[in-house]
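Got your viewer open? Let's take a walk through this one, a stop at a time.

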Amino acid sequence: MLEYDIVIVGAGPSGSAAALKAASSGKKVLVLERGPEPGSKNVSGAMIRKDYVTSVFGEGVPFERNVDKIKLSLYDKDKPVSIEFSPDNLVTTGRLKFDKWLSSVSENAGAMVIPKTTALKLNWENNVAKSITTDRGEVFAKSFVLAEGVNSLVSMESKIKSDLTPENAVETVKVVYSVKKEDINSMFNTKNESSGVAWRYIMTDPLVAGFLYTYKDSVSIGIGSPINQLVERKIRPEKLLDDFMDKTGLSDMVKGYSLREYSAKVIPEGGFPDINVSKSNVYLCGDALGLVDPLTFDGISPAIASGTIAGSAAVYNLDSATYRYELMKNPEISKIAKERKLESEFMSGDRAKEYIEMVSSMLNNWASGNMFGMRNTMVSNYRNVIPDLMGFVLKMR
Ligand SMILES: Cc1cc2nc3c(=O)[nH]c(=O)nc-3n(C[C@H](O)[C@H](O)[C@H](O)COP(=O)(O)OP(=O)(O)OC[C@H]3O[C@@H](n4cnc5c(N)ncnc54)[C@H](O)[C@@H]3O)c2cc1C
């Protein structure tokens, strides 16, 4: 009989953080990963805060390029207004290398990681999970961490959480183009192969949050849009990506380069704190708890934060209320929980459109020296948009 102290489902950032924490506490830990290796189901890259990852996993984070500049473009109708700034500490990373590295750190701490193994269901006795059935047999444990990402089949099968609906999910589509290192440097005016950029976009009708990241020898471009807006407008996600790339000029930029990857994935729009976080000795973390920001795509830091707390909860067998309290205390997690109300209001109806029109009009007026225009925009928005905005800001406290 295979028996461990703690079994973790998923070797993504949240699962590896949970494994690191539990194994470092001296527990016998098993991580089940359905992919051929950690990260293989999350092949392309992401933008991460390197200092935060280092604070949990130590030095040696594999990264592609520093993000020296972020450009945010807000599209009011067809024309963007853009703001550019230099962030601190952001880098891009390839998920295959990144997830493999996180997993290797947990293995060095003593966790056992078994790939090519899919967890199917938990087996319960008197409301306590006793074992987990996988496609390669059954494993017994004292506690379980479900770090299975957005498609949380084991959590759903155990009725800890319900399925995603079009009202609470964002569809994303992402492409990666192979681009020579020197071409990236000339396209983005970057100094050398460790210097890079991130471009972010917001468009309305339907609401689209888009991004472009530079890696060493590739560029990744993606969009996310609330599924209910796509359904209402009968827009297919791949068509939305094509339109986005045409409108932003990115189609022309990547013309002639080869498409390396095309993927689609759902991001949960809802989640913690409005869902169950655990059931008896089973703890959810990361995307399985909906801990990802659907507008900025920031999900890896909260996944690592919640994984660490889930690992600790599994070691000390915390009850649900204490686990929830520990999650809420963490700034990476409370930030997402507090922003959720603001974002779901921003993403619904015409709010995003109103705000973007207001900001774009003010910035255009400012740039063209038209102070009266700026004043007029403020006056015309004084009665509706600004009080609304203030109301949202107050709700975030
Ligand atoms: C298009 C897009 C762009 C993004 N960009 C960024 C970004 O730039 N920065 C950022 O911080 N975040 C980004 N995110 C969000 C980020 O990818 C997630 O929030 C993060 O990966 C969540 O980590 P996780 O460990 O909870 O889940 P995952 O990374 O999804 O890991 C879950 C793991 O569990 C495994 N698994 C699932 N079910 C089973 C099972 N039954 N048995 C065994 N194994 C199983 C999967 O194979 C996977 O390896 C992006 C997301 C998308 C969709």
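Start by selecting the ligand and everything around it. Of the 31 residues there, Ser14, Glu33, Met47, Asp287 and Phe297 come nearest (a residue is near a molecule if one of its heavy atoms lies within 4 Å of it). Before we zoom in, a word on what you're looking at: this is a predicted model, where local features need pLDDT of at least 70, side-chain atom pairs count only at pLDDT 80 or more, and totals for chains, interfaces and linings use all residues. Residues are numbered from 1 along each chain as its sequence is written, and side-chain values use heavy atoms, leaving out hydrogens and water.

Now hunt for polar contacts, meaning pairs of N or O atoms within 3.5 Å. (Within protein, one atom must be able to donate a hydrogen and the other to accept it, and residues adjacent in sequence count only if both atoms are side-chain atoms.) Click on Asp287: an N or O atom in its side chain sits 2.7 Å from an oxygen atom of the ligand. Phe297 uses a backbone N or O atom instead, 2.7 Å from a ligand nitrogen atom. At Pro13, a backbone N or O atom is 3.2 Å from an oxygen atom of the ligand. How much of the ligand does the protein cover? On its own the ligand has 990 Å² of accessible area, and the protein covers 95% of that (Shrake-Rupley method, 1.4 Å probe).

Next, colour the shell around the ligand by class: you'll get 13 nonpolar, 10 polar and 8 charged residues. Here Ala, Val, Leu, Ile, Met, Phe, Trp, Tyr, Cys and Pro count as nonpolar, Asp, Glu, Lys and Arg as charged, and the others, Gly among them, as polar. Helix 1 (13-24), strand 3 (45-49), strand 15 (258-268) and helix 9 (300-316) each supply at least two shell residues. Helices (H or I, at least four residues) and strands (E, at least two) are DSSP runs, numbered from the N terminus.

Switch to cartoon and pick helix 1 plus helix 3 (residues 95-108). Their axes come within 8 Å and cross at roughly 15 degrees (lines fitted to C-alpha atoms over the stretch in contact, with angles from 0 to 180 degrees between N-to-C directions). That makes helix 1 roughly parallel to helix 3, a label for angles under 35 degrees.

Last stop: the loops. Select Asp205 and Pro206, which are joined by a cis peptide bond with omega about -5 degrees. Pro206 lies in the loop between strand 12 (195-203) and strand 13 (208-214). Then try Phe272 to Pro273, where the peptide bond is also cis, with omega near 10 degrees.

Note on methods. Parallel < 35°, antiparallel > 145°, perpendicular 65-115°, else oblique.
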